[in-house]
Amino acid sequence: MNVYGEPWTTRHTHYFSDPDASPEALLNDATEWLQYAHSSLQVLTELVQERGTPDAQRLTTMLEGVCAFIDMGTRCATQAHLRMQWLQVREGATREAATL
């Protein structure tokens, strides 16, 4: 059963950041996505405790959504790391050019 296209959405979700976003902004986004994953898992845990056995289709959809949140948070953190390295390289090149 495909409820509202959730399986497709969670498999095809990508994080696109602002090209001018600072590493700090990207790390804030990563924290936010990981908090979504954490909160979703807390809700899922409560549902399982209340009902005992969850609906298998809904459980897989929820877990795929959590995976998408974690993936997006990871992508944000990776982009932040790459931007920090790029800024260091660019700053180093500027210093070398200034000394010549």
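## The R95–E91 salt bridge

Let's start in helix α3, where the side chains of R95 and E91 come together in a salt bridge, with N and O 2.2 Å apart. Keep in mind that this is a predicted model. The two partners sit 4 residues apart in helix α3, about one turn of the helix.

How exposed are they? R95 has a relative accessible area of 53%, so it counts as exposed. E91, at 43%, is partly exposed.

## A second bridge, D71 to R75

Searching the whole structure turns up 2 salt bridges. Besides the pair above, D71 and R75 join their side chains in one, at 2.8 Å from N to O. D71 and R75 are also 4 residues apart in helix α3, so about one helical turn separates them.

D71 comes out as partly exposed, with 31% relative accessibility. R75 is partly exposed too, at 33%.

## A nonpolar patch

Still on the surface, W86, L87 and V89 make a nonpolar patch of about 310 Å². W86 belongs to helix α3, which covers residues 56–99. With a relative accessible area of 52%, W86 is exposed.

For the chain as a whole, the accessible surface is about 7500 Å², and carbon and sulfur atoms account for 59% of that.

## S40, tucked away in α2

Now over to helix α2, residues 23–51, which is where you'll find S40. Is S40 buried or exposed? It's buried, because its relative accessibility is 13% and the cut-off for buried is under 20%.

What does S40 have around it? A polar atom of its side chain lies 2.9 Å from the backbone oxygen of Y36. If you skip the neighbours within four places in sequence, S40 touches M62, V66 and F69.

## The whole chain

Stepping back, the chain has 3 helices and 0 strands, so reading from the N terminus you get α-α-α. Of its 100 residues, 20% are buried. Take the contacts between residues at least 6 apart in sequence: 83% of them link residues at least 24 apart.

## How confident is the prediction?

The chain's mean pLDDT is 82, and 83% of the residues reach 70 or more. Which element has the lowest mean pLDDT, and which the highest? Helix α1, residues 6–11, is at the bottom with 54, while α2, the home of S40, is at the top with 92.

How values were computed: Residues are numbered from 1 along each chain as its sequence is written. This is a predicted model: local features need pLDDT of at least 70, side-chain atom pairs count only at pLDDT 80 or more; totals for chains, interfaces and linings use all residues. Side-chain values use heavy atoms; hydrogens and water are left out. Helices (H or I, at least four residues) and strands (E, at least two) are DSSP runs, numbered from the N terminus. Buried means under 20% relative accessible area, exposed over 50%, partly exposed in between (1.4 Å probe, protein chains only). A polar contact is a pair of N or O atoms within 3.5 Å; within protein, one must be able to donate a hydrogen and the other to accept it, and residues adjacent in sequence count only if both atoms are side-chain atoms. Contact means heavy atoms within 4.5 Å. pLDDT is the predictor's confidence in each residue, from 0 to 100. Accessible areas come from the Shrake-Rupley method with a 1.4 Å probe; for residues, only the protein chains shown count as cover. Patches are made of residues with over 30% relative accessible area and no salt bridge: like charges are joined within 9 Å, nonpolar side chains (Val, Leu, Ile, Met, Phe, Trp, Tyr) within 5 Å. A salt bridge is a side-chain nitrogen of Lys or Arg within 4 Å of a carboxyl oxygen of Asp or Glu.
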